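Please work through the exercises below with the sequence and the model side by side, and try each task before reading its solution.

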Amino acid sequence: MEMNIGKVIQPTPGRGVVIAGPCSAETEGQVMQCARDLAKLGQVDLYRSGIWKPRTRPGSFEGVGKEGLSWLKRVKEETGLKTTTEVANASHVYDCLKAGIDVLWLGARTTVNPFSVQEVADALNGADVPVLIKNPINPDLGLWIGAVERIYKAGITRIGLIHRGFSYHGETIYRNVPRWQMAIEMKRRFPDLQMIVDNSHICGRRDLLAEVAQEALNLNYDGLMTEVHPRPDEAWSDAAQQITPAVFGELIKNLRLRKPTADEVEMERLTELRRQIDEIDNDLIGMIGRRMKLADQIGEFKAERNIAVLQESRWEEVLQEATKQGKDHGLSEEFMEGYLRAIHQESIDHQDAIVNKAR
Ligand SMILES: C=C(O[C@@H]1C=C(C(=O)O)C=C[C@H]1O)C(=O)O
């Protein structure tokens, strides 16, 4: 789909886009205090606060609702900060447009549901407001792309993306695993869309926030959205991941913005190193091709003797041995596993084709 997309936030030269504010608006006092403290930093582009909170289970704090919009209006009048909040249905959109909220965002639990995205898109039709779209909870690129397309088709031309990580069943240090490759792929497909990291939801804890924010800047993200609360420990939602405005001020002070590209002189050095990489990639592909030719021979042998394609004990041996070897060469276990699984699957596909043909 051909798109002509503008920036959600004009960045200040020399620094990334900064979106900050409490997870939820709780009281007028809390919203105003946080906004005043953040405004003093002089580096916040957009003040965030959840008004309607989609919670996993009923009974937890589900947001103050419409009343909070008047607090955000006051934030803008008194501090000059532009405001943003999450919308998940048509009435949220109408209320926000009436209240003059500057930017709307779609949450991960909305992006995941095309019915909801379409409802929001229909309500937005004809409005001139920028929209940020969080990734869906599950790592499904199609849903993220679909949401962008639905909002764009509603006539919204300033759209950005928020990478908040993906839910994951298993052990991890993150609340939502980043899967950076998903966001990198979205950047590749939509180079004009600003990409913002929501380090709060990726981390779910304070001690990782700076590291994840810097990682995003290393990957050439446009900025960050972080949850900030005047008294994080007392927050009514997501207490473990919120930080004070002062701590947030330190965090952004220590971030290093990277240049998007290299200059001409730097490029010479990069080109030389990249030439060597190209050579190695060439060799690697040739060698993988040769490995598959051997798999083909094994496939033919198995076809003749009616032996199963998958040989668990051999596969286990390959996995163990190569992972150990990889470690000696500074390759992570995670990488080795992914690499070997891909190789093994290709090898099985090759053999499948041969044994099925032989029957
Ligand atoms: C190549 C074989 O078939 C399969 C593919 C493997 C591989 O590519 O390393 C290993 C074990 C089998 O599951 C084999 O049996 O050796």
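The exercises that follow concern a predicted model, and each task is followed by a worked solution.

**Exercise 1. The barrel**

Task: State in what order the eight strands close into a barrel, and whether the pairing is parallel or antiparallel.

Solution: Following the strands around the barrel gives the order β1-β2-β3-β4-β5-β6-β7-β8, and the pairing is parallel. From one strand to the next, the twist averages 25°. As a detailed case, take strand β5, residues 131-134, and strand β6, residues 159-163, which pair in the parallel sense over four bridges. Within this pair, Ile-133 stands opposite Leu-161 of β6.

**Exercise 2. Helices α2 and α3**

Task: Decide whether α2 and α3 are roughly parallel or roughly antiparallel to each other, and list the residues that make their contact.

Solution: Begin with the geometry, since two packed helices are described by the angle between their axes and the distance between the axes. Helix α2 (residues 67-79) and helix α3 (residues 90-99) pack at an angle of about 30°, and their axes are 10 Å apart. Because angles under 35 degrees count as roughly parallel, α2 and α3 are roughly parallel to each other. The crossing of these two helices is right-handed. Leu-69, Leu-72 and Lys-73 of α2 make the contact with Asp-95, Cys-96 and Ala-99 of α3, and sorting these residues by class gives four nonpolar, no polar and two charged.

**Exercise 3. Helices α3 and α5**

Task: Describe how α3 and α5 cross, and give the classes of the residues in their contact.

Solution: The axes of α3 and of helix α5, which spans residues 114-124, come within 8 Å and cross at roughly 35°. The crossing of α3 past α5 is right-handed. On the α3 side the contact is made by Ala-90, Val-93 and Tyr-94, and on the α5 side by Glu-119, Val-120, Asp-122, Ala-123 and Leu-124. By class, the residues of this contact divide into six nonpolar, no polar and two charged.

**Exercise 4. Helices α11 and α13, and the ligand**

Task: Describe the packing of α11 and α13, and then determine which element gives the most to the shell around the ligand.

Solution: For the packing, α11 and α13 lie at an angle of about 40° with their axes 8 Å apart, and α11 passes α13 in a right-handed crossing. Among the contact residues are Ala-295, Ile-298 and Gly-299 of α11 and Ser-347, Gln-351 and Ile-354 of α13. This contact has nine nonpolar, four polar and four charged residues.

For the ligand, the surrounding residues are Ala-295, Ile-298, Leu-310, Gln-311, Arg-314, Trp-315, Val-318, His-344, Ser-347, Ile-348 and Gln-351. The elements that give two or more residues to this shell are α11 (264-305), α12 (312-328) and α13 (333-358). Of these, α13 gives the most, with four residues. As a last step, sorting the shell by class yields six nonpolar, four polar and one charged residue.

How values were computed: Residues are numbered from 1 along each chain as its sequence is written. This is a predicted model: local features need pLDDT of at least 70, side-chain atom pairs count only at pLDDT 80 or more; totals for chains, interfaces and linings use all residues. A residue is near a molecule or strand if its C-beta atom, placed from the backbone, lies within 6 Å of it. Ala, Val, Leu, Ile, Met, Phe, Trp, Tyr, Cys and Pro count as nonpolar, Asp, Glu, Lys and Arg as charged, and the others, Gly among them, as polar. Two strands pair if DSSP finds at least two bridges between them. Axes are lines fitted to C-alpha atoms, for helices over the stretch in contact, and angles run from 0 to 180 degrees between N-to-C directions. A crossing is left-handed if the near helix is turned anticlockwise from the far one by less than a right angle, and right-handed if clockwise. Two residues are in contact if their C-beta atoms, placed from the backbone, lie within 7 Å. Angles under 35 degrees count as roughly parallel, over 145 as roughly antiparallel, 65 to 115 as roughly perpendicular and the rest as oblique.
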